[in-house]
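Thanks, everyone, for making the time this morning. I would like to walk through one structure with you, starting with its ligands and ending with a few details of the backbone.

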Amino acid sequence: MKRVLITGVAGFLGSHLADRFIKEGFHVIGMDNLITGDLANIEHLFPLKEFEYYHHDVSKFIHVPGELDYIVHFASPASPIDYLKMPIQTLKVGSLGTHNCLGLAKAKNARIIVASTSEIYGDPTVHPQNEEYWGNVNSVGPRGVYDEAKRFQEAITMAYHTYHGLETRMVRIFNTYGPRMRLNDGRALPAFMGQALRGEDITVFGNGDQTRSFCFVDDLVEGIYRLLMSDYHLPVNIGNPSEITIKEFAEEVIRLTGTSSKIVYKELPKDDPKVRCPDITKAKEILGWEPKIDRAEGLKRTLDYFKNKV
Ligand code: NAD
Ligand code: UDP
């Protein structure tokens, strides 16, 4: 049985990845320190003998007994309000945490995939963003703690590949949504759905003209799994190129929920990217991957989840 370590396993994406690896017949070793995660996301895995859980901060030395075939490093605060609240932990898990995971991968002769992000493109001047674009990040701005940690993560992962010959993969994840997001994590979708379900005003930041491209979690997990199993070591964008303004997105949530909530406009956070859309040519060519679940379907499935949480 192949063995995989998943860091950030109790989070939104980590828990879905754990489900996928279990389904593929892996032994999954999950690790988390629960700073933004929730054991409820993985409680269904605890009875399985194919699953073990370690409560551990991966920014500290990681010890895992036995062999490892793969490491999936997803630990990190990911929502802007989380990483603004925990700037040092965010910088540490992207740098020291990644270094520890790479060291462990080298010691165990394991292949590693690290969770990078569309945020490494910052407030982009190239649109849509392809992997050759180097980005436009304000290192000392509020989002710099996340963006620069992830940029360092890519640089050190590349160095372990070229210097140590480690088998590395890097996925640049664009905005993803679905069941197991935290209603109060501050990201647009849970914020809008929570407000709609409670009949509160929907808070659109700025004038709502900024764009994002939202990918349903099942599509993302498929792309990540294919990338890990591929032989491609350079970064690959995984996201849904269907781009929408945040105002239109809020209107979609209002229509779907049938709420009487109205949109109110709040101040746009500093350095909030004006546009974001993945160029997924590489994912299509190298992985034969493209998203299958459109927003209408994905939002419906997500709403079913949130209905029981409000
Ligand atoms: P999340 O907050 O739901 O999950 C992150 C998990 O990591 C949590 O369970 C948290 O407790 C854990 N964690 C954080 N620091 C840790 C540490 N030092 N040691 C051990 N565990 C730690 O976030 P998510 O949306 O699931 O994101 C997962 C990964 O994907 C992150 O690396 C994030 O940067 C990346 N990503 C996510 C998105 C997205 O749209 N969700 C987009 C781009 C990149
Ligand atoms: N946003 C918003 N209202 C909210 C939360 C977010 O208008 O209550 C906006 C935010 O300013 C950004 C977009 O929605 O332009 C997506 O924000 P999110 O935090 O989901 O992700 P990111 O900015 O990291 O892409």
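Ligand 1 is surrounded by 29 residues in this predicted model, and the closest of them are Gly-8, Gly-11, Thr-36, Gly-37 and Ala-75. If we ask which elements build that shell, at least two residues each come from helix H1 (12-23), strand S2 (27-32), helix H3 (87-108) and strand S5 (111-117), and the most generous contributor is H1, with 3 residues. By residue type, the shell around ligand 1 divides into 14 nonpolar, 13 polar and 2 charged residues.

Turning to ligand 2, we find 14 residues around it, with Arg-187, Ala-188, Ala-191, Thr-203 and Phe-205 the closest. Here the elements that give two or more residues are helix H5 (188-198) and strand S8 (202-205), and the largest share, 3 residues, comes from S8. This shell consists of 7 nonpolar, 4 polar and 3 charged residues. Which domains supply it? At least three residues come from each of domain 1 and domain 2.

That brings me to the domains themselves. The assignment gives domain 1 as 3-178 + 216-241 + 278-293, and domain 2 as 188-210 + 243-276 + 297-307. Their centres, taken over C-alpha atoms, are separated by 26 Å, and 16 residues of domain 1 are in contact with 13 residues of domain 2. On the side of domain 1 that touches domain 2, the residues divide into 8 nonpolar, 6 polar and 2 charged.

For the record side, an unreviewed UniProt entry carries the annotation "domain: NAD(P)-binding" over residues 5-301. In the model, that span is 37% helix and 18% strand, and its end C-alpha atoms lie 28 Å apart.

Next, let me take helix H4, residues 144-164. This helix has 21 residues and reaches 29 Å from its first C-alpha to its last, which is close to the 30 Å expected at 1.5 Å a residue. Its buried residues include Val-145, Tyr-146 and Ala-149, but also Asp-147, Glu-148, Lys-150, Arg-151 and Glu-154, and among the elements that cover the buried residues of H4 are helix H2 (80-85), H3, S5 and strand S6 (168-173). Just after H4, Gly-165 takes a positive phi of about 70°.

Finally, the backbone details. In the loop between S5 and H4 lies Pro-128, and the peptide bond leading to Pro-128 from His-127 is cis, with omega near -10°.

Two residues that are not glycines also have a positive phi, and I will take them in turn. Asn-109, with a phi of about 60°, lies in the loop between H3 and S5. Is Asn-109 exposed or buried? Asn-109 counts as exposed because 11 other C-beta atoms lie within 10 Å, where the cut-off for exposed is 12 or fewer.

Asp-271, with a phi of about 65°, lies in the loop between strand S13 (263-266) and helix H8 (281-287). In this case 16 other C-beta atoms lie within 10 Å, so Asp-271 is partly exposed, a class that sits between 12 or fewer for exposed and 20 or more for buried.

I will stop there and take questions.

Conventions. Residues are numbered from 1 along each chain as its sequence is written. Chains are lettered from A and ligands numbered from 1 in the order in which they are written. This is a predicted model: local features need pLDDT of at least 70, side-chain atom pairs count only at pLDDT 80 or more; totals for chains, interfaces and linings use all residues. A residue is near a molecule or strand if its C-beta atom, placed from the backbone, lies within 6 Å of it. Helices (H or I, at least four residues) and strands (E, at least two) are DSSP runs, numbered from the N terminus. Ala, Val, Leu, Ile, Met, Phe, Trp, Tyr, Cys and Pro count as nonpolar, Asp, Glu, Lys and Arg as charged, and the others, Gly among them, as polar. Domain bounds come from an automatic or database domain assignment. The expected span of a helix is 1.5 Å times one less than its number of residues. Two residues are in contact if their C-beta atoms, placed from the backbone, lie within 7 Å. UniProt positions are given in the numbering used here, feature names are shortened, and annotations may be inferred rather than shown by experiment.
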